[in-house]
Amino acid sequence: MTIETRRQASALDNLDELAPLRAAFDLPEGVIYLDGNSLGALPFATGERVSNVVSAEWGRDLVKSWNSAGWMNLPKTVGARIAALIGADADEVVATDSTSVNLFKVVAAAARMRSGRHKIISEPGNFPTDLYMLEGLTSLLPNLELIILPRGEIAGAIDDNTAAIVLTHVHYVTAEMFDMKAMTKAAHAVGALAIWDLSHSAGAVEVNLGDAKADFAVGCGYKYLNGGPGAPAFVYVAKRHHGVAVQPLSGWHGHKRPFDFIDAYEAASGVDQFLCGTPGIIGMAALDESLKIFDRTSMKALRAKSVALCKLFIELVERDCAGYGLSLVGLRDMDVRGSHVSFRHSHGYEVMKALIHAGVIGDFRAPDHIRFGFTPLYVGFADVWDAVQCLKGILQEETYKDPEFAVRDAVT
Ligand SMILES: *Cc1c(COP(=O)(O)O)cnc(C)c1O
């Protein structure tokens, strides 16, 4: 598939069965949004849902809504929707807390299940919060040591002293994707547990936690799931571990009978033990609403479009922006890539600021990566064409050298 003209790119949009889903999103005019892997776009239905939760459920029905509006069950209702996207059973996932906190819970639970073992293995350059949370947890549990190894060395290093491997399925910069099934198998072969972070996978690539026999997983609600800034995250616990895996943040929502109000903690027997305190219902409702959009398609169809978008983007950048100092990050083979693409450029920060100024929104990841996310629900092939032409113009005319683009923002 070589695209020579914008008309050809538009023709691909006309053939795209997923193209109508874009109308579900309130995207601003004149913007090409390639940052849905950082903050998913706003679905039209979210505003109405949130407004109803606030004015009717909270304002009018008040505390009754915990029962009448299903608030109490929302972490499970939302969890079931996410489960359908990641190859899990409905009762294996709950929406709760942040990815960071959920990672702490599952690794702590895994460490307890393998208390005779002393190693937790992860990789350098993993998403920072994952490594930070592992540092925090291992500093609390002196018997546990965090071992950081390059991905090529991990499988060979898992031994009978390893409690768990903690890996991010799709890397947040390079987009490189682990073979989840093979790595999980390598862990299980010596009795270790496999914990997966799906933040850049859920809603973007096909994931089958059940088939991979993954033990635990966590992931974000505000990226490809479009739940909104700071949306609840999710946690998956394989059914065979229910009642066995117990996480230590023993808040009342993880209690077997929270409304008995008894002094002693009794762990709930299902994945709800991984809940902690009272959930933010407004954010939970927003995520519930955005997930409904996935009912209109399949992960298979979304993945096929995502692969086509990423492939086209890489191809056009390498053809049309050749000679301007860009180099692709990660492998070219889409079988081992997620749904975003990063390029390195010595003035990456300035180039991205110039792109955003021109209406093409991606992001910058230190030290020199410009990153573009392709959310197949609302990005089209003509968008890819336009984004590349915009990038080419900025590099050719060197508009990124304007001093205003060198000013660093707090959030990149
Ligand atoms: C985005 C992301 C997170 C975010 O964690 P929060 O606690 O929600 O801020 C964690 N891990 C990975 C791999 C991510 O990509």
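**Group meeting: how H1 meets H13**

Okay, so let's start with a helix pair: helix H1, residues 6-15, and helix H13, residues 381-397, have axes that come within 7 Å and cross at roughly 150°. Anything over 145 degrees counts as roughly antiparallel, so that's what we call H1 relative to H13. And yes, this is a predicted model, so everything I'm showing is computed from that.

Who's actually touching whom? On the H1 side you've got Arg 6, Ala 9, Ser 10, Leu 12 and Asp 13. Coming from H13, there's Phe 381, Ala 382, Trp 385 and Asp 386. If you sort that H1 and H13 contact by class, you get 5 nonpolar residues, 3 charged and 1 polar.

In case you're wondering why I gave you two numbers up front: a pair of packed helices is described by the angle between the axes and the distance between them.

Right, zooming out to the whole chain. We're looking at 13 helices and 13 strands. The radius of gyration is 22 Å, and the globule rule for 412 residues also gives 22 Å, so the chain is as compact as a globular protein of that length. If you'd rather think in box dimensions, the C-alpha trace spans about 70 × 55 × 40 Å along its principal axes.

How much of the chain is buried? Of the 412 residues, 55% count as buried. The accessible surface comes to about 17,300 Å², with 55% of that area belonging to carbon and sulfur atoms.

Last one, for the contact-map people: take the contacts with a separation of 6 or more, and 73% of them are between residues 24 or more positions apart. Okay, that's my bit, happy to chat.

Conventions. Residues numbered from 1 in each chain as written. Predicted model: local features only at pLDDT ≥ 70, side-chain atom pairs only at ≥ 80, totals over all residues. Heavy atoms only, no water. Axes fitted to C-alpha atoms, helices over the stretch in contact; angles between N-to-C directions. Helix = DSSP H or I, 4+ residues; strand = E, 2+ residues; numbered from the N terminus. Parallel < 35°, antiparallel > 145°, perpendicular 65-115°, else oblique. Contact = heavy atoms within 4.5 Å. Nonpolar A, V, L, I, M, F, W, Y, C, P; charged D, E, K, R; others polar. Rg over C-alpha atoms; globule rule 2.2 N^0.38 Å. Buried < 20%, exposed > 50% of the residue type's maximum accessible area, 1.4 Å probe, protein only. Areas by Shrake-Rupley, 256 points an atom, 1.4 Å probe, with all protein chains shown as cover.
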